[in-house]
Amino acid sequence: MRLPRGRHTPLENVSVVWGRAELQPVDSYHVALAKALAKPSVAAELCLPLVSPGGIAVLWVGPSADQDPVEAVARRLGGALEPGPDGILVLRKSRPTPPGFPRRPGMAKKRPLA
């Protein structure tokens, strides 16, 4: 379900999308943002398929998050971990989402990739 543009956000050119990440269009958005969504590697699996090549997924994870599993998931989904501020992981999407992703709703949390 897409909220009306500009009605719930003071930012121009921003759309807020509400709904399961696994059910949203793949490779469609420039930016995906996650805060307190899931374990960082699961959040990466849920957000990165939403982003088109050249876009970014931004994960607000806290300074103690383990980056290695997130980096492994990003590589598998066509992205790479880029430098970012402490507690923020920035994943740059470089190629389209591979076939088979996103997985069925709930699978990323039930059977994480990393």
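1. Let's start with one residue, Lys 93: it has a relative accessibility of 1%, so it counts as buried, the cut-off for that word being under 20%. Please keep in mind as you read that this is a predicted model. Which residue does Lys 93 form a salt bridge with? The partner is Asp 27, and the closest N and O atoms of the two are 2.7 Å apart. This salt bridge links distant parts of the chain, since Lys 93 is in strand S4 (residues 88-93) while Asp 27 is in the segment before strand S1 (29-35), 66 residues apart.

2. Asp 27 deserves a second look. Its relative accessibility is 24%, so Asp 27 counts as partly exposed, whereas its partner Lys 93 counts as buried. The backbone of Asp 27 is worth a glance too: its phi is near 55°, a positive value in a residue other than glycine. As background, most residues other than glycine have a negative phi.

3. Now for the wider set of charged pairs. How many salt bridges does the structure hold? There are four, and the pair of Lys 93 and Asp 27 is one of them. In general terms, side chains of opposite charge can pair when their charged atoms come close. Over the whole protein, there are 16 positive and 9 negative charges, and the mean positions of the two groups are 10 Å apart.

4. Another salt bridge joins Arg 103 and Glu 45, with 2.7 Å between the closest N and O atoms. Arg 103 sits in the loop between S4 and helix H3 (107-110), and Glu 45 belongs to helix H1 (residues 40-47), so this pair ties together parts that are 58 residues apart in sequence. Is Glu 45 buried or exposed? Its relative accessibility is 3%, so Glu 45 counts as buried.

5. A further salt bridge is formed by the side chains of Glu 82 and Arg 92, at 3.3 Å from N to O. Here the link runs between two strands: Glu 82 is in strand S3 (residues 79-82) and Arg 92 is in strand S4, so the parts tied together are ten residues apart in sequence. Glu 82 has a relative accessibility of 31% and counts as partly exposed. Arg 92 is also partly exposed, with a relative accessible area of 33%.

6. Let's step back to the overall layout. The protein has three helices and four strands, and reading along the sequence gives the pattern β-α-β-α-β-β-α. The radius of gyration is 13 Å, close to the 13 Å that the globule rule gives for 114 residues, so the protein is as compact as a globular protein of that length. The C-alpha trace spans about 40 × 30 × 25 Å along its principal axes.

7. A few totals help to fill in that picture. Of the 114 residues, 37% count as buried. Among the contacts with a separation of 6 or more, 58% come from residues 24 or more positions apart. The accessible surface comes to about 7,000 Å², and 55% of that belongs to carbon and sulfur atoms.

8. Helix H1 is a good element to explore on screen. Why is H1 described as largely enclosed by the rest of the structure? Seven of its eight residues are buried, so the helix is largely enclosed. Those buried residues include Glu 45, Leu 46 and Cys 47. They pack against S1, strand S2 (51-60), helix H2 (67-76), S4 and H3.

9. Within H1, try picking out Cys 47. With a relative accessibility of 5%, Cys 47 counts as buried. Leaving aside residues up to four places away in sequence, Cys 47 touches Ala 32, Ala 34, Leu 37, Ala 57 and Leu 59. Cys 47 and Val 31 are 16 residues apart in sequence, and their C-alpha atoms are 9.0 Å apart in space.

10. Two backbone details round off the note. Ala 36, in the loop between S1 and H1, has a positive phi of about 55° although it is not a glycine. With 74% relative accessibility, Ala 36 counts as exposed. Which two residues does a cis peptide bond join? They are Phe 101 and Pro 102, with omega at about -5°, and Pro 102 is found in the loop between S4 and H3. For comparison, most peptide bonds are trans.

Terms used: Residues numbered from 1 in each chain as written. Predicted model: local features only at pLDDT ≥ 70, side-chain atom pairs only at ≥ 80, totals over all residues. Heavy atoms only, no water. Buried < 20%, exposed > 50% of the residue type's maximum accessible area, 1.4 Å probe, protein only. Rg over C-alpha atoms; globule rule 2.2 N^0.38 Å. Contact = heavy atoms within 4.5 Å. Areas by Shrake-Rupley, 256 points an atom, 1.4 Å probe, with all protein chains shown as cover. Lys, Arg positive; Asp, Glu negative; His and termini not counted. Charge placed at Lys NZ, Arg CZ, Asp CG, Glu CD.
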